[in-house]
Amino acid sequence: MDEATGKRCVDFVNAIGVPLLRPATSPFDPGYDPATLEGHLAQSAHLMLTLKISMACWLIADERATRRKIAAAQRHGVATVTGGGPFEVAAAQGQVPAYLDLCADLGVTRVECGAGFTHLRLEPCDLIAMARERGLEVQFELGQKFGGSFTRHTVDGLIDAGRRWLDAGARQLVVEARESARGIGLFGAAGGLSRRLADRFAHVFGLAAVTFEAPTKASQFALLDHFGPEVHLGNVRLEELLRVEIYRRGLHADAFAKQRLRLPSPKVRAPAPSGAA
């Protein structure tokens, strides 16, 4: 395939007015085999903000497979992130230095920290200093995994925590939604998005500093409908990434007429006068 053939789709989406967007989705690998992950990277690496390497699955997978996946992401220029679950377990077991050593040795870019189901005793500045000594970035997850839907009071506390972590040098904040986006975080029992509470995170931190977990089609579409194409989404399964990205760009049938997502009206050429050459 020559270079011109490889750009036909790009030329067409430009012609129909699809906006040129920076990567804004952080998909996760729930434990796929290396070949599957490599296939997704070949297809969609240019659409990935970061790639989360499973949950704690990588701790018990064959280490050679995990290293192969991280190396594949590096070749495609995609930053890798380990999930918050293994960090919390390591912190509870008094093994944070060993955990950070392991992440650095594997070659990941960033670790996710949190206190979603444990109590974190380390101060943000101390933990981030430990990570930086090993060449690692840090992001912090806001919200309890078993705490139910956020309230105004909950969000007040999370905003205070988010400020402390960003001030200490965290690269990103992640708003919890687990794998269901129902009865958790910004989502009610029926899966509806609390736009008012979501707006508070966006207003205080800005959309560039916050990733909203969106593990389901309904949660993904609701956040894109509300915030528009610039919103950062996380916990998107790899096989759903392209669907999210066509919705983000107004190419999905359900997004085509949405105010924040629809494509610009085409410029229609005026018909030539009757009898013109």
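Buried here means under 20% relative accessible area. The model is predicted.

**Exercise 1. Helix H8**

Task: Establish how many residues H8 has, which of them are buried, and what they pack against.

Solution:
- Step 1. Take the length. H8 covers residues 152-168, which is 17 residues.
- Step 2. Check the span. From first C-alpha to last, H8 reaches 25 Å, close to the 24 Å expected at 1.5 Å a residue.
- Step 3. List the buried residues. They are Val 155, Leu 158, Ile 159, Ala 161, Gly 162, Trp 165 and Ala 168.
- Step 4. Find their packing partners. Three are strands: E4 (110-114), E5 (137-142) and E6 (172-175). The helices H7 (124-133) and H9 (195-205) are also packed against.
- Step 5. Look past the end. Gly 169 follows H8, with a positive phi near 120°.

**Exercise 2. The largest nonpolar core**

Task: Find which residues have the most contacts inside the largest nonpolar core, then follow Leu 186 outward.

Solution:
- Step 1. Take the core. It has 71 residues, and those with the most contacts inside it are Leu 41, Trp 165, Leu 186, Phe 201 and Phe 212.
- Step 2. Ask which element gives the most. That is H8, with six residues.
- Step 3. Trace Leu 186, setting aside residues up to four places away in sequence. Leu 186 touches Phe 150, Val 175, Leu 197, Phe 201 and Phe 212, among others. Its contacts also include Glu 176 and Ser 194.

**Exercise 3. Strand E1**

Task: Decide whether the faces of E1 are covered or open, and identify the strands that pair with E1.

Solution:
- Step 1. Recall the geometry. Side chains of a regular strand alternate between the two faces of the sheet.
- Step 2. Assign the faces. Thr 25, Pro 27 and Asp 29 lie on one side of E1, Ser 26 and Phe 28 on the other. All are buried, and both faces are covered.
- Step 3. Take the E8 side. E1 and E8 (residues 232-237) pair in the parallel sense over four bridges. Thr 25 stands opposite Leu 233.
- Step 4. Take the E2 side. E1 and E2 (residues 50-53) pair in the parallel sense over two bridges. Phe 28 has Lys 52 as its bridge partner.
- Step 5. Add the connection. E1, helix H2 (residues 34-44) and E2 make a right-handed β-α-β unit.

**Exercise 4. The barrel**

Task: State in what order the strands close into a barrel, and place H10 on the sheet.

Solution:
- Step 1. Read the order. Eight strands close in the order E1-E2-E3-E4-E5-E6-E7-E8, with parallel pairing.
- Step 2. Add the twist. Neighbouring strands of this sheet are turned by 30° against each other on average, direction ignored.
- Step 3. Inspect one pair. E6 and E7 (residues 210-213) pair over three bridges in the parallel sense. Val 175 is bridged to Phe 212 in E7.
- Step 4. Place the helix. H10 (residues 217-227) packs on the sheet and touches E7 and E8. The direction of H10 makes about 165° with that of E8.

**Exercise 5. Two residues compared with the cut-off**

Task: Classify Ser 219 and Val 236 as buried or exposed, and give contacts for each.

Solution:
- Step 1. Ser 219 is found in H10. Ser 219 counts as buried because its relative accessibility is 1%.
- Step 2. Beyond neighbours within four places in sequence, Ser 219 is in contact with Ala 181, Phe 187 and Ala 214.
- Step 3. Val 236 is found in E8. Its relative accessible area is 0%, so Val 236 is buried.
- Step 4. With residues up to four places away not counted, Val 236 touches Thr 25, Ser 26, Pro 27 and Phe 28, among others.

How values were computed. Residues numbered from 1 in each chain as written. Predicted model: local features only at pLDDT ≥ 70, side-chain atom pairs only at ≥ 80, totals over all residues. Heavy atoms only, no water. Expected span 1.5 Å × (residues − 1). Buried < 20%, exposed > 50% of the residue type's maximum accessible area, 1.4 Å probe, protein only. Contact = heavy atoms within 4.5 Å. Core = buried A, V, L, I, M, F, W, Y, C linked by side-chain atoms within 4.5 Å. Pairing = 2+ DSSP bridges. Right-handed = clockwise from strand over helix to strand, strands pointing away. Axes fitted to C-alpha atoms, helices over the stretch in contact; angles between N-to-C directions.
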